[in-house]
Amino acid sequence: MTRLGRGGAEVTSLGLGAAALGNLYTPVGDEQAHAAVRAAWERGIRYFDTAPHYGLGLSERRLGAALREYDRAGYTVSTKVGRRLEPADGTGDDLANGFAVPAAHRRVWDFTADGVRRTLEASLERLGLDRVDIVYLHDPDDHAEEAFREGYPALEKLRAEGVVGAIGAGMNQTEMLARFVRDTDVDVVLCAGRYTLLDQSAATELLPEALQRGVSVVIGGAFNSGLLADPARHPTYDYAEAPRQLLDRALRMQAVAERHGTTLRAAALAFCSAHPAVASVLAGARSAAEVHDCADQFATPVPDAFWRELRATGLLPPEEPS
């Protein structure tokens, strides 16, 4: 386990991202979701990440139910604030937001101090826990002023009160995360999709700043929403159809991996975890089989010759660690 920044939370080097347990894109049954969490536990994963946004609370409810059979002191849970759920009278589903669930609630952007506390209280109820270990401000891209003026200080108070062990922000961009690292006392930031085999933008400013200031980084989106898991079968990048140039690059990387007796999935996970600022890599999975595959790939050494060929052919910058 690695301690996050100066906070009181610890994470395993591989964590389970629970967005899929909230019916991301397609339905997942309760038993299948429970089996995925059980498989993660069997493979030594002790860090679990969720959010109210994931399936309008379904991910939190399922994760909490599955974790009840384990000692609370033995695992770390993170959730997020910034999207408060309110009951909705409408019918239909939530697929416009990416989740195959009934639209029984609506999301309200709220980074106020009161909103942060109310959102966290609702998350604790859904999880069935009296505390969570890590809380992130979730995607405050268009709400920077409110997030820095009210949301972050509210998290600081919660940490000081011992309600949470570590605080931070989770986003799909690097600029504002770097600002959190520089201008606040966060313990950790969750950077999704911006430090991968296809996008190293986090290496320009965020990762060096975090390393210098003792702030931990959790990497999400290691497969860039599918393209680096299997570019032939899942040509999606950042939740949309992959541009042809990126698809071709991923296919070339996959061919290099196969020549060196490894897989693109193993290389993608190894790349994310290699940077010294990175404390954990989140792998999203919707079944026990996917969890076991991710754990297998994460544990598989990637030959040095693979990295040398990527750099020699320009598929990876020469300065990136691996």
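**View 1. The largest nonpolar core and its best-connected members.** Of the 92 residues in the largest nonpolar core, Phe 48, Leu 137, Leu 197, Trp 307 and Leu 310 touch the most other members. The model is predicted. Leu 197 shows how such a residue is surrounded. Its contacts beyond four places in sequence include Leu 228, Met 253, Leu 264, Ala 267, Ala 268 and Phe 271. Trp 307, Leu 310, Leu 315 and Leu 316 are also among the residues that Leu 197 touches. So is one charged residue, Arg 249. Apart from the largest core lies another, of 13 residues, among them Leu 4, Ala 9, Ile 134 and Leu 282.

**View 2. Ala 166 in strand β11.** Strand β11 covers residues 166–171 and holds Ala 166. Ala 166 has 0% relative accessibility and therefore counts as buried. Leaving out residues up to four places away in sequence, Ala 166 touches Leu 4, Ala 9, Asp 133, Ile 134, Val 135 and Asp 187. Leu 4, Ala 9 and Ile 134 are also among the members of the 13-residue core. Val 188 is 22 residues from Ala 166 along the chain, yet their C-alpha atoms are separated by 7.2 Å.

**View 3. Helix α4 against helix α5.** Helix α4 spans residues 144–160, and helix α5 spans residues 175–183. Their axes lie 12 Å apart, at an angle of about 30°. Angles under 35 degrees count as roughly parallel, so α4 and α5 are roughly parallel to each other. The crossing of α4 past α5 is right-handed. On the α4 side, Ala 144, Phe 148 and Tyr 152 make the contact. Met 176, Arg 179 and Phe 180 meet them from α5. By class, this contact has five nonpolar residues, one charged and no polar.

**View 4. Helix α5 against helix α6.** Helix α6 spans residues 206–213. The axes of α5 and α6 come within 9 Å and cross at roughly 15°. These two helices are therefore also roughly parallel to each other. Here α5 passes α6 in a left-handed crossing. From α5, the contact uses Leu 177, Ala 178, Val 181 and Arg 182. From α6 come Leu 206, Glu 209, Ala 210 and Arg 213. By class, the contact of α5 with α6 has five nonpolar, three charged and no polar residues.

**View 5. Thr 119 in helix α3.** Helix α3 runs over residues 113–127 and includes Thr 119. The relative accessible area of Thr 119 is 3%, so this residue is buried. Beyond four places in sequence, Thr 119 touches Pro 52. It also touches the run Lys 80, Val 81, Gly 82, Arg 83 and Arg 84.

**View 6. Two loop residues with positive phi.** Asn 23 sits in the loop between β3 (14–17) and α1 (30–42). Its phi is near 65°, a positive value in a residue other than glycine. Asn 23 has a relative accessible area of 7% and is therefore buried. Asp 238 lies in the loop between β14 (236–237) and β15 (240–241). Asp 238 is not a glycine, but has a positive phi of about 50°. With a relative accessible area of 32%, Asp 238 is partly exposed.

Key
Residues are numbered from 1 along each chain as its sequence is written. This is a predicted model: local features need pLDDT of at least 70, side-chain atom pairs count only at pLDDT 80 or more; totals for chains, interfaces and linings use all residues. Side-chain values use heavy atoms; hydrogens and water are left out. Axes are lines fitted to C-alpha atoms, for helices over the stretch in contact, and angles run from 0 to 180 degrees between N-to-C directions. Helices (H or I, at least four residues) and strands (E, at least two) are DSSP runs, numbered from the N terminus. Angles under 35 degrees count as roughly parallel, over 145 as roughly antiparallel, 65 to 115 as roughly perpendicular and the rest as oblique. A crossing is left-handed if the near helix is turned anticlockwise from the far one by less than a right angle, and right-handed if clockwise. Contact means heavy atoms within 4.5 Å. A nonpolar core is a set of buried Ala, Val, Leu, Ile, Met, Phe, Trp, Tyr and Cys residues joined through side-chain atoms within 4.5 Å. Buried means under 20% relative accessible area, exposed over 50%, partly exposed in between (1.4 Å probe, protein chains only).
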